[in-house]
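Student: I would like to understand how the words used for a structure follow from its values. Could we go through some of them together?

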Number of protein chains: 4
Amino acid sequence: MRKLSVALLGSSGVVGQRFVEMLNGHPWFKLSVLTGEKTAGKRYGEAVNWLFSTNIPLEVYGKKIVRLNTHEIDADLVFSSLPSVVAKEAEMNLSRRGLPVISNASSHRLNPVVPLVIPEVNPEHLELIEVQRAKFKSDGFIATDPNCSTVGLAMTLKPIHDLYSVRKVVVSTYQAVSGAGYPGVPSLEIIDNLVPHIHGEEEKIKAETRKILGEINGNRVVNKEIDIEAMCCRVPVVDGHLENVYLETEAEVNVEEVEDAMSSFEGEPQKLKLPTAPSKPIIVRHEDNRPQPRLDRSSGNPPGMPVVVGRVRRGDKKNSLLYTLLVHNTIRGAAGCAVLLAELLVKHQYII
Amino acid sequence: MRKLSVALLGSSGVVGQRFVEMLNGHPWFKLSVLTGEKTAGKRYGEAVNWLFSTNIPLEVYGKKIVRLNTHEIDADLVFSSLPSVVAKEAEMNLSRRGLPVISNASSHRLNPVVPLVIPEVNPEHLELIEVQRAKFKSDGFIATDPNCSTVGLAMTLKPIHDLYSVRKVVVSTYQAVSGAGYPGVPSLEIIDNLVPHIHGEEEKIKAETRKILGEINGNRVVNKEIDIEAMCCRVPVVDGHLENVYLETEAEVNVEEVEDAMSSFEGEPQKLKLPTAPSKPIIVRHEDNRPQPRLDRSSGNPPGMPVVVGRVRRGDKKNSLLYTLLVHNTIRGAAGCAVLLAELLVKHQYII
Amino acid sequence: MRKLSVALLGSSGVVGQRFVEMLNGHPWFKLSVLTGEKTAGKRYGEAVNWLFSTNIPLEVYGKKIVRLNTHEIDADLVFSSLPSVVAKEAEMNLSRRGLPVISNASSHRLNPVVPLVIPEVNPEHLELIEVQRAKFKSDGFIATDPNCSTVGLAMTLKPIHDLYSVRKVVVSTYQAVSGAGYPGVPSLEIIDNLVPHIHGEEEKIKAETRKILGEINGNRVVNKEIDIEAMCCRVPVVDGHLENVYLETEAEVNVEEVEDAMSSFEGEPQKLKLPTAPSKPIIVRHEDNRPQPRLDRSSGNPPGMPVVVGRVRRGDKKNSLLYTLLVHNTIRGAAGCAVLLAELLVKHQYII
Amino acid sequence: MRKLSVALLGSSGVVGQRFVEMLNGHPWFKLSVLTGEKTAGKRYGEAVNWLFSTNIPLEVYGKKIVRLNTHEIDADLVFSSLPSVVAKEAEMNLSRRGLPVISNASSHRLNPVVPLVIPEVNPEHLELIEVQRAKFKSDGFIATDPNCSTVGLAMTLKPIHDLYSVRKVVVSTYQAVSGAGYPGVPSLEIIDNLVPHIHGEEEKIKAETRKILGEINGNRVVNKEIDIEAMCCRVPVVDGHLENVYLETEAEVNVEEVEDAMSSFEGEPQKLKLPTAPSKPIIVRHEDNRPQPRLDRSSGNPPGMPVVVGRVRRGDKKNSLLYTLLVHNTIRGAAGCAVLLAELLVKHQYII
């Protein structure tokens, strides 16, 4: 199979770098265009402050970064990790020009004709692509992956919701600094400290989770009416968002049944054996002090693609459940989710 | 006024050191006995690994630490920061010998005849002392202060409960390492990491909050029937427990009213102008990113005695409320609460 | 005494904020002008991301920040914590207009007619002010304080140099993130990490130390010919630069004599009892594991003004010495040193 | 080839766990005995607080830990990561009983008949084994690897010493918390802090480096007479010791020559292609801000076996050199160095 050419928008940020890392040696995709704003005109290896302990892939090192010009970009598909302000128009332009855009930006996530998809959870939402195509008379489209914290929450809610129907969720997050990008959180603000506010995050978790768990009805998604409250906090951890989840269900909860449903949960990516699909999307741990960011954020294969869950327990009420989850925010919560989504789009022939 | 002589049990741990710091120059109390297990026989200044940026008070520096012997200890009152396993019997023995014991240990907190008191919240529970005295035929007694996380929670719930009647609480904690004592949490476990479990903590928060908000009925406390769920996590912060609180009330919530009630909240310590009473037990901040442990844990006067609250907001439902609180775990959450309680006991002539 | 009016250039950065904090309630100085670039036009309390646990002083909170205009600024003296690129011309302009400029920027530190002064170490260098005045035919002048790491090094070298004549110094630094300003070091780069390079720092330490220990000869400073090598590293600490110092002297070293000389070291600020002078400029500790940044950075009175030294010991060679020092980088190493210098300038009637 | 059976003494500590990890799947060695003190009698997987993000190897998980009994242990070779107090006698007993003991403990390192070896640096010191055998009339022996900081220093000094003859070294260390074992450094002591003292470390670096660079003369090692001063500091980093090195040489220094000599440096392990030998024992980086612990500690293959060097530069004097090195303290600085040494002993038929 010929590899599909990929344009990566916003290639020098934290998530951009993760895309570069995850696309290195990808069996289907090949990075051909890298855009950057401050870094435009320079070679990737010289312009980028590489943040990982891996080395910059050799074939990307010498590639020249170009300025984003939506009229010129040519590729089989586009990954966008642009800042939201820029993303909105750029992604729209590219999709109208006929390009498939898989975006990690928040700009279009809540647009009723744009699918917001976790490949294991709601692949059927991709039907909205046809709605987009009809509406805009273009083969191109925008598909989005959720906010990093939402990915962990929605993915673990899915098997529970299928069992008992979830009616209320209260989630507290412990979010790593890499979630704020680069340079992101000043060290002066977070050493020996916590910041109990992340701009827009709580609203995103609420709205996006409802959309992901919603159902397609005709040409739009009907959000799931779940009562969700989120309280978000930045913590001095490099990578890996931890979330403490409390929820209430319609039916009575059985902890063993929940753990089994999570452990055996899989979706299309697993059935289709997509290259970036982890064999288990949810890893359930039984120690009383896991998951922990440093120990568990790189679990699974590809590392960081599963969500790790622990401390599953019932509350005092029979229809209440508590658990702790960990999602690698820049892998499963961003670049990894987008790559997996692109793979699914290829298999479903939305990208050809 | 002659100063009352104080015996401090467990004087070399983190909380023991806070007691030493807070009793330094106290107008009513004077440290006369210091006990320690591994440090017994040595001078305090030489035996103790002093953890604060202050210096060890000069008059304590040269004092000899003695082994805990409940038959010999003589003082007007006793502060206990003993480990629970040792505390249980030792505190019982001392109180039967006629000594007033104010304890920061968890052993007797849920005992139905032992008052569990935050001076601003439930001073009326001190009546249980008479029940103890009658039962054990001794002038001595045990009075306890709550677990560090519980102090912050119960103190902020009180004014809300008085307004709207709280029926459900979901709290997620972000707890500092000093809460685990010394040596406590190994650095190897918490740098760039979180540990989502603190042994016994969630149970304590649930049970103690219900008791504190409960009412005296005859010779016992009737716990308040509130549905409480707690999810506790250790974070890489030196001092100051942050808590994200979600709650539901019987009556509809008005945010301004809540903030006013918290800001103007005061109790007996303020009315009696007790030496360790902060002028405002609850400080409400209006920035969207406060409270923060490093910036807010030493607020007020004495520093660390108020609980700092921020981000007060209503949830999607009219009878739901969210806020973030910060309590200095070894001051208001431990030594400071105990000293304030002792001051209240003196004013009420339980200690003479 | 009428208070002298102060213009503070670059008031919203980390060092600018320290100036605001240290000038609060100052007996001689009164903040009258605050400049800022991005914050210009807003009130200080609303524009500034205040980084300390203290509150913004009330009288500064509502003050409007103005854009830096060197033709308009009017004050009895000027403190500059401008970035070096801006500082160079602005400070020159202001001094030519007749204003005394006390600068924390590096731009003019090595200028042969500009005094680079630690008030306790080389107050005699202030004579250069007359050289400036003559050269530029203006009453104004520029006086500078050294780089934060240099302050700690030069201040502790002084009493040793007076005893034994220092001929070689090798210093390794452990520098706090506040030294890089705000936003400064991204947390993503420093959590669970070290960065063994700080742009320009090693050169500054070498050149500035030689100038400070140099002697006035006619109308210029003759640098002290000491062989200095510096190796600088950023560490995940909020405030307080630690330095490991190895040195060789002409005469044989006696540790007790060194500790005595350091402990009893004082200079003009102590003799003149300047308001910001610590009673002891150097505090010598005798524990084997001090100084430590968190415990010792706020030592003394005013807190953070002394340099704290520990582990003074001889090397294998008789004329070698090792010690560890800690300097609060934004207090003694920046704003505090500048305020003390201004006080000295007032006493010497350079500022009237 | 039949795998050699290995007894691992002190298997549950930090270094013990690294041994378990590095011996997993080893082509020549097979773990057969695991000792532990507090963990004796339990299965490894249940007793040990596993500190890494890998999982405990399956074949070790269910193995029972035994109490150390030097009369009973039977294996082809013994790795010791015992605490020094216990190591001294135990290792002596085992070697007299005929067992080859490769020790990471400090007890025997400076014993004149015990080789202290970095396989790439001084393999010829293994001749001392014959001296031991003759002296104690036993086929067994003790061979030791150096202190973690010493490994990084001595390995990088070797190629420089061969070029120019090193006469003086001043080293400042920035040591990770894992170097203190488990539980090791309390988090309360190191968050937002540094501890400028590590018991015995400076003496070890000085004495061990001189021995490693020394030469065999008859039946003993003649230490190299280099003037070494070391200043050690604990920093809030999980793994990876960084060291700032200043040195003076007899001959004039050429930086490019030094970098080449380091980059091309190899020893017997590389020539013999030992299983745990990295292809390059020293990796030289040319960025101005590397090595950094989090980014570089797992460099090479096996990860963590090379020492990473950066910022190689000449001092002001022609015969002075400065550089920064990073050594993974529990891999190349402990377990990895010992495993590599055992491999070398096998190839040289000291272990059969």
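Tutor: We shall take the relation of the copies, then their contacts, then the cysteines, remembering throughout that this is a predicted model.

Student: What makes the relation of chain B to chain A that of a two-fold axis?

Tutor: Chain B is superposed on chain A by a rotation of 180° with 0.0 Å of shift along the axis, and the RMSD is 0.0 Å; that is the relation of a two-fold axis.

Student: How do you know through which surface the copies in chain B and chain A meet?

Tutor: Of the interface residues of chain B, 100% are also interface residues in chain A, so the copies meet through the same surface. In this contact 52 residues of chain B face 52 residues of chain A, and the area buried between the two chains is about 3,800 Å², with carbon and sulfur atoms giving 52% of that area.

Student: Why is the pair Glu202(B) and Arg313(A) called a salt bridge?

Tutor: The closest N and O atoms of Glu202(B) and Arg313(A) are 3.4 Å apart, and because the rule asks for a side-chain nitrogen of Lys or Arg within 4 Å of a carboxyl oxygen of Asp or Glu, the pair qualifies. The count between chain B and chain A is 14 salt bridges, and the interface also has 31 residue pairs in polar contact, both residues being at pLDDT 80 or more.

Student: What does the interface of chain D and chain A hold by the salt-bridge rule?

Tutor: Across that interface the rule finds zero salt bridges, and the count of residue pairs in polar contact, both at pLDDT 80 or more, is zero as well. On the side of chain D that touches chain A there are six nonpolar, two polar and three charged residues. The area buried between chain D and chain A is about 860 Å², of which carbon and sulfur atoms give 48%. Ser53(D), Arg294(D) and Leu295(D) supply 43% of what chain D buries against chain A, more than any other three residues.

Student: How do you know that Cys148(A) is in no disulfide?

Tutor: The nearest cysteine sulfur, that of Cys232(A), is 9.0 Å away from Cys148(A), whereas a disulfide needs two cysteine sulfur atoms within 2.5 Å. For Cys232(A), the closest cysteine sulfur is in Cys233(A) at 8.8 Å, which is too far for a bond. Over all chains, the structure holds zero disulfides.

Student: Why are Cys148(A) and Cys232(A) called buried?

Tutor: Buried means under 20% relative accessible area, so Cys148(A), at 13%, counts as buried, and Cys232(A), at 1%, counts as buried too.

Key:
Residues are numbered from 1 along each chain as its sequence is written. Chains are lettered from A and ligands numbered from 1 in the order in which they are written. This is a predicted model: local features need pLDDT of at least 70, side-chain atom pairs count only at pLDDT 80 or more; totals for chains, interfaces and linings use all residues. Side-chain values use heavy atoms; hydrogens and water are left out. Buried area is the accessible area (1.4 Å probe) that two parts lose on being put together, summed over both. A polar contact is a pair of N or O atoms within 3.5 Å; within protein, one must be able to donate a hydrogen and the other to accept it, and residues adjacent in sequence count only if both atoms are side-chain atoms. Ala, Val, Leu, Ile, Met, Phe, Trp, Tyr, Cys and Pro count as nonpolar, Asp, Glu, Lys and Arg as charged, and the others, Gly among them, as polar. Copies are superposed by least squares on the C-alpha atoms of residues with pLDDT of at least 70 in both. Contact means heavy atoms within 4.5 Å. Buried means under 20% relative accessible area, exposed over 50%, partly exposed in between (1.4 Å probe, protein chains only).
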